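Work through the exercises below with the sequence and the model side by side. Each task is followed by a solution in steps.

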Amino acid sequence: MIMLVVVGTCAIVWQDVLRARDRAIAASRELCARAGVQLLDQSVSLRRLSLARLRGGGIGLRRQYTFEVSTNGSDRHRGSLHYEGRRLDNFSLPLRADDPSLASLTRLN
């Protein structure tokens with residue numbers, strides 16, 4: 001019985017990890033498309049995972065994902081996504097902050 005509980009818990013955690021990664025990939029694709037840069041390797045990698053107090057007052061996971069982009073097809077730059085729980089809290093792309101094409105990106109969630 002204990003083995004069944006352990007296996008079930010592992011399966012639930014694994015599915016949550018995969019869903020979070022899928023959300024991060026979708027967000028990185030959308031950010032890159034809006035910013036006019038190319039998402040390289042079509043993937044993200046989990047850089048940091050920690051417990052954090054969320055804005056709603058509860059405790060949840062804070063995840064940081066990194067990915068690589070190209071601005072002209074021959075260079076590589078690093079971008080990142082910061083999630084608090086399931087909400088995209090912050091992101092960074094290798095572009096100027098005052099670029100007018102990024103004005104709409106701050107509203108992505």
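**Exercise 1. Describe how β3 and β4 are joined, then place both in the sheet.**

Step 1. β3 and β4 run antiparallel and are joined by five bridges. Strands here are DSSP runs of E with at least two residues, helices are runs of H or I with at least four residues, and both are numbered from the N terminus. Two strands count as paired if DSSP finds at least two bridges between them. One of the bridges links S80 to S92 in β4.

Before going on, note that this is a predicted model, in which local features need pLDDT of at least 70 and side-chain atom pairs count only at pLDDT 80 or more, while totals for chains, interfaces and linings use all residues. Residues are numbered from 1 along each chain as its sequence is written, and side-chain values use heavy atoms, with hydrogens and water left out.

Step 2. The open sheet has four strands in the order β1-β2-β3-β4, with antiparallel pairing. β1 and β4 (87-92) are at the edges, and each has a single partner strand, so one side of each has no neighbour in the sheet.

Step 3. From one strand to the next, the twist averages 20°. Angles run from 0 to 180 degrees between N-to-C directions, with axes as lines fitted to C-alpha atoms, for helices over the stretch in contact.

**Exercise 2. Find what α1 packs on, and check its length.**

Step 1. α1 packs on the sheet and touches β1, β2, β3 and β4, and its direction makes about 130° with that of β1. Contact means heavy atoms within 4.5 Å.

Step 2. The buried residues of α1 are A20, A24, I25, A27, S28, L31, C32 and A35. Buried means under 20% relative accessible area, exposed over 50%, and partly exposed in between (1.4 Å probe, protein chains only). β1, β2, β3 and β4 are among the elements covering these residues.

Step 3. The 34 residues of α1 should span 50 Å at 1.5 Å a residue, and the end C-alpha atoms are 49 Å apart, which agrees. The expected span is 1.5 Å times one less than the number of residues.

Step 4. Just after α1, G36 has a positive phi of about 75°.

**Exercise 3. Which residues of the largest nonpolar core touch the most other members?**

Step 1. They are Y65, F67, L81 and Y83, in a core of 17 residues. Such a core is a set of buried Ala, Val, Leu, Ile, Met, Phe, Trp, Tyr and Cys residues joined through side-chain atoms within 4.5 Å.

Step 2. α1 (2-35), β1, β2 (59-70) and β3 (77-84) each give two or more residues to this core. α1 gives the most, with seven residues.

Step 3. Leaving out residues up to four places away in sequence, Y83 touches R23, A24, A27, L61, R62, R63, Y65, L88 and D89.

**Exercise 4. Find two residues with unusual backbone angles in β1.**

Step 1. Most residues other than glycine have a negative phi.

Step 2. D41 lies in strand β1 (residues 38-53) and has a positive phi of about 65° although it is not a glycine. D41 is exposed, with a relative accessible area of 58%.

Step 3. Q42, also placed in β1, has a positive phi near 50°. Q42 is partly exposed, at 43% relative accessible area.

**Exercise 5. How many disulfides does the structure hold?**

Step 1. The count is zero, where a disulfide is a pair of cysteine sulfur atoms within 2.5 Å.

Step 2. C10 is partly exposed, with a relative accessible area of 49%, whereas C32 is buried, at 2%.
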